[in-house]
Amino acid sequence: MHDFIVIGGGIVGLATARELLATHPGAAVAVLEKEDGPARHQTGHNSGVIHAGIYYKPGSLKAQLCREGAQATKDFCTEHGIPFETRGKLVVATNPLELQRMVQLRENAAANGIHVETLDATELKRREPNVAGIGALFVAESGIVDYRQVCVALAEDIRRAGGELTYGVQVEAIAETGNAVTVSGGGKSWQAKRLIVCGGLQSDRLARMAGLSIDYQVVPFRGEYYALPESRRNLVRHLIYPVPDPSLPFLGIHLTPMIDGALTLGPNAVLGFAREGYPRLSVNLSDVWSYVTFPGFWRVMRKNWRSGLSEGRNSLFRSRYLEECRKYCPDLTLDDLLPREAGIRAQAVLRDGTLVHDFLFVETARMLHVCNAPSPAATSVLPIARMIARRATGAINT
């Protein structure tokens, strides 16, 4: 009998297990992951940014967790010898409307306690000669890291604290009784006083498997990246981001230096036809069926069909993708866009068509399902893990 079982070996599941061991020394904690190692899905396919938190509503939980998490992530990396760099981010306005939106962004940053610097076009050009814009915000605290390395370090901390990590376990059944929760898969079973599910792309299926009544559906959105050739890696030094359009559900394409020296372009956000199919044109009919039969999906499509068509065209035609990027980096050419593996975002959608951009938990006496851990979950993961662990400990002594 374990005290806790955590399903999911992504960054949220691993950080949660580590936090449970830290706050309950000697507790029996097991992590079950269906892949052969940690961070194989959303965590291992993101852009590796340590966000400062300028986009989030002042006073919101996301703003607070991002601020705490950014510093906690840097401290964790320093403690564990994981390379990271605080390069700083430039949010670039390319037209007068974006310049107006930049004002609100600056006010957000100030309310969230984040220092930003306002640059005019001349100063922007001085700092980044290859970037075009009529103004920018410089966010000095933004950084880059490889979150896969963070996950490896989290897993090592779990083992050192006496926790168990079991890979290659495809969960097939979850059953809760008055005394315990039983998790079965691969001909084996595990029991725990408390189960925490950090299922990411499979969170809705795991919740239904556990017998929960849920009113959301995971819809996969592909984030497609390009890598720039080695000869172009010095094109920019900072992270280069567009000013977000509040009418669009996702942020937009950006230029991101990676901690391994690469320079990437992306991601876009296009509807995916497979939850875990990273190669281009991947299709899983079961995954598609699960969302096309969900009413909320069609409500989302009705609200966002124009942006959906635009993203689809950008995905199909590199020239259109390039056009989006050349708004702020006009020197880019088609030859600069080299293939790079995509990421897939687990977008929770409610039955009424609402895109869930906040935390979504479903709880029973002995189970806590983390159904949605919103971006920037990787940056915020250590305070998120503390929050999850506090919620999950209610039944530890019952």
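**Strand E5, a helix pair and Arg-232**

Biologist: Which strand pairs with E5 in the antiparallel sense over five bridges?

Modeller: Keep in mind that this is a predicted model. The antiparallel partner takes in residues 135–139, and Gly-135 there is the bridge partner of Ala-93. So, with E5 itself covering residues 89–93, the strand you're after is E7.

Biologist: And what is the bridge partner of Val-92 in E14?

Modeller: E14 spans residues 239–242 and runs parallel to E5, with four bridges between the two. Within E14, Val-92 is matched with Pro-242.

Biologist: How many of the five residues of E5 are buried?

Modeller: Take the two faces in turn. Lys-89, Val-91 and Ala-93 point one way, Leu-90 and Val-92 the other, and all are buried. That's why the strand is largely enclosed by the rest of the structure: the buried count is five of the five.

Biologist: At what angle do H2 and H10 pack?

Modeller: Residues of H2, including Leu-65, Ala-72 and Phe-76, meet residues of H10, among them Leu-382, Ile-384 and Met-387. The contact divides into eight nonpolar, two polar and two charged residues. The helix axes sit 6 Å apart, and the angle is about 115 degrees.

Biologist: Is Arg-232 buried, partly exposed or exposed?

Modeller: Arg-232 is in the loop between E13 and E14, where it touches Leu-263, Asp-331, Leu-332 and Asp-336. A polar atom of its side chain lies 2.9 Å from the backbone oxygen of Asp-331. Buried would need under 20% relative accessible area and exposed over 50%. Arg-232 has 22% relative accessibility, so it counts as partly exposed.

Conventions:
Residues are numbered from 1 along each chain as its sequence is written. This is a predicted model: local features need pLDDT of at least 70, side-chain atom pairs count only at pLDDT 80 or more; totals for chains, interfaces and linings use all residues. Side-chain values use heavy atoms; hydrogens and water are left out. Buried means under 20% relative accessible area, exposed over 50%, partly exposed in between (1.4 Å probe, protein chains only). Two strands pair if DSSP finds at least two bridges between them. Axes are lines fitted to C-alpha atoms, for helices over the stretch in contact, and angles run from 0 to 180 degrees between N-to-C directions. Contact means heavy atoms within 4.5 Å. Ala, Val, Leu, Ile, Met, Phe, Trp, Tyr, Cys and Pro count as nonpolar, Asp, Glu, Lys and Arg as charged, and the others, Gly among them, as polar. A polar contact is a pair of N or O atoms within 3.5 Å; within protein, one must be able to donate a hydrogen and the other to accept it, and residues adjacent in sequence count only if both atoms are side-chain atoms. Lists of a residue's contacts leave out its neighbours within four places in sequence.
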